[in-house]
Amino acid sequence: MPGVPAPVREERRRDALSTDTTLLDEPARLAALHRYRILDTLPEAGFEQITALVRTIYHAPMVLMNLIDSDRQWCKSCQGTEPSEMPREITFCQHTIRSREALVIEDTFCDRRFADHPMVVGPPGIRAYLGAPLQSPDGYNVGALCVIDTRPVRFSGEQIAILHGFADLVVAQMELRLIAARDSLTGTRTRRAFEEQLDLALSDAARGGPPSWLVLLDIDHFKAVNDTHGHGAGDAVLAALCATVDTGLRRGDTIGRLGGEEFGVLLRQDSAQEAFAIAERLRTAVAQMRVPDAPGVAITASFGLARCQPDFTSAAQWLAAADVCLYRAKRGGRNRCVL
């Protein structure tokens with residue numbers, strides 16, 4: 001809103017916040033953010049292309065796509081600076097998500113909220129900020145797309161509107177990403193999305209992070225289920241198995257469908273004893289599982305476990321190591337765990 005004094009703009013933003021209950025519902029906002037399962041993921045071309053285009057259009061030194069978690073700001077994509085995370089309370093974008101309107105700061109030196117901010121008086125020397133909230137389809141602001149300059153800038157109404165349009169495009173990309181990352185039958189991650197999680201775990205291990213374990217599980221004699229009871233029953237078994245396994249996992253653990261009746265589970269920060277105990281609990285739960293949509297069908301599954309090794313350079317190597325253990329579980333009589 002060029003031409004409108006900054007104090008007036010801020011008063012309007014406060015008025016909007018007081019009347020829009022969705023903006024005040026922080027637990028629901030965090031649930032909307034976490035639904036995307038995008039935090040702490042690798043860079044992706046779709047978002048990089050958007051931020052690069054925004055930087056070109058605005059002739060800005062820096063453009064960032066930031067997501068606001070409970071206590072931190074995490075950068076998914078950026079141009080002109082390095083991606084990072086920082087405490088939420090010191091960020092510009094935490095102010096952006098409090099309104100439906102863009103946050104417009106044409107000169108930080110003239111804004112009492114930011115004049116003494118460490119990123120204003122120190123690197124990177126922010127003098128102008130334009131941020132549009134990233135609003136989910138259900139109305140929650142999960143982050144912001146922001147344009148940053150190191151000199152004062154007078155943003156036009158057209159520039160503000162255009163950034164809102166790009167913010168909508170970012171959210172659309174997040175929605176498409178969510179659809180592509182989920183197996184339509186089981187609701188688990190697709191193979192590609194699961195392998196991305198393995199790549200992240202490998203990167204953590206390379207930086208000296210805690211160990212992770214990959215568990216491959218394969219339903220025993222699944223072809224007989226399809227042949228005897230039909231593919232509808234087989235689908236019901238797959239969905240029930242994933243629900244059962246997911247219930248037995250902790251926050252931070254991940255399950256993905258690798259193909260057919262084979263699934264992968266990523267266990268974070270476990271010893272061999274802990275990982276094996278979790279796999280055993282899952283194996284027992286699967287063996288005791290009953291499938292409401294396929295009465296009379298009982299199944300078991302075989303499990304192979306492999307720890308992330310320092311010499312692994314790809315998800316494929318890790319999967320191959322776990323597959324060797326899964327093969328041994330099958331050859332050893334099935335319905336067992338092997339590491």
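## Worked exercises on a predicted model

Strand 7 (residues 212-219) and strand 9 (residues 262-268) run antiparallel to each other and pair over seven bridges. Keep in mind as you work that this is a predicted model.

**Exercise 1. Find the residue opposite L214, then work out which strands stand at the edges of the sheet.**

*Solution.*
- Step 1: Begin with the pair of strands 7 and 9, where L214 faces L266 of strand 9.
- Step 2: Widen the view to the open sheet, which has five strands in the order 8-9-7-10-11 with mixed pairing.
- Step 3: Strand 8 (254-259) and strand 11 (337-338) each have a single partner strand, so one side of each has no neighbour in the sheet, and these two are the edges.

**Exercise 2. Describe helix 3 (residues 26-35): which of its residues are buried, and what covers them?**

*Solution.*
- Step 1: Start at the N-terminal end, which D25 caps: one of its side-chain oxygens is 3.2 Å from the backbone nitrogen of A28.
- Step 2: Pick out the residues under 20% relative accessible area. In helix 3 the buried ones are A28, R29, L30, A32 and L33.
- Step 3: Look for a pattern in their spacing. Residues three or four places apart in an α-helix point the same way, because there are 3.6 residues a turn.
- Step 4: Look at the cover over these buried residues, which includes strand 1 (62-68) and strand 6 (141-149).
- Step 5: Move past the helix to R37, which follows it and has a positive phi, near 50°.

**Exercise 3. Characterise the largest pocket: what is its volume, and which residues are closest to its centre?**

*Solution.*
- Step 1: The volume of the largest pocket is about 1,100 Å³.
- Step 2: Its lining has 41 residues, and R37, L39, D40, R189 and Q197 are the closest to the centre.
- Step 3: Sort the lining by class: 16 residues are charged, 13 nonpolar and twelve polar.
- Step 4: Ask which elements contribute. Strand 2 gives the largest share, six residues, while helix 3, helix 8 (191-206), helix 10 (231-247) and strand 8 are among those that supply at least two each.

**Exercise 4. Locate the cis peptide bond, then ask whether H59 is buried or exposed.**

*Solution.*
- Step 1: The cis bond joins P123 and P124, with omega about 5°. P124 sits in the loop between helix 6 (118-121) and strand 5 (128-135).
- Step 2: H59, in the loop between helix 4 (45-58) and strand 1, has a positive phi near 50°.
- Step 3: The relative accessible area of H59 is 65%. The cut-off for exposed is over 50%, so H59 is exposed.

Conventions:
Residues are numbered from 1 along each chain as its sequence is written. This is a predicted model: local features need pLDDT of at least 70, side-chain atom pairs count only at pLDDT 80 or more; totals for chains, interfaces and linings use all residues. Side-chain values use heavy atoms; hydrogens and water are left out. Buried means under 20% relative accessible area, exposed over 50%, partly exposed in between (1.4 Å probe, protein chains only). Helices (H or I, at least four residues) and strands (E, at least two) are DSSP runs, numbered from the N terminus. Contact means heavy atoms within 4.5 Å. A polar contact is a pair of N or O atoms within 3.5 Å; within protein, one must be able to donate a hydrogen and the other to accept it, and residues adjacent in sequence count only if both atoms are side-chain atoms. Two strands pair if DSSP finds at least two bridges between them. On a 1 Å grid over the protein atoms alone, a cavity is a set of points where a 1.4 Å probe fits but cannot get out, and a pocket is an open set with protein on both sides within 12 Å along at least five of seven lines; lining residues have an atom within 4 Å of a point. Grid points are joined across faces, edges and corners, and a volume is the space filled by probe spheres set on the points. Ala, Val, Leu, Ile, Met, Phe, Trp, Tyr, Cys and Pro count as nonpolar, Asp, Glu, Lys and Arg as charged, and the others, Gly among them, as polar.
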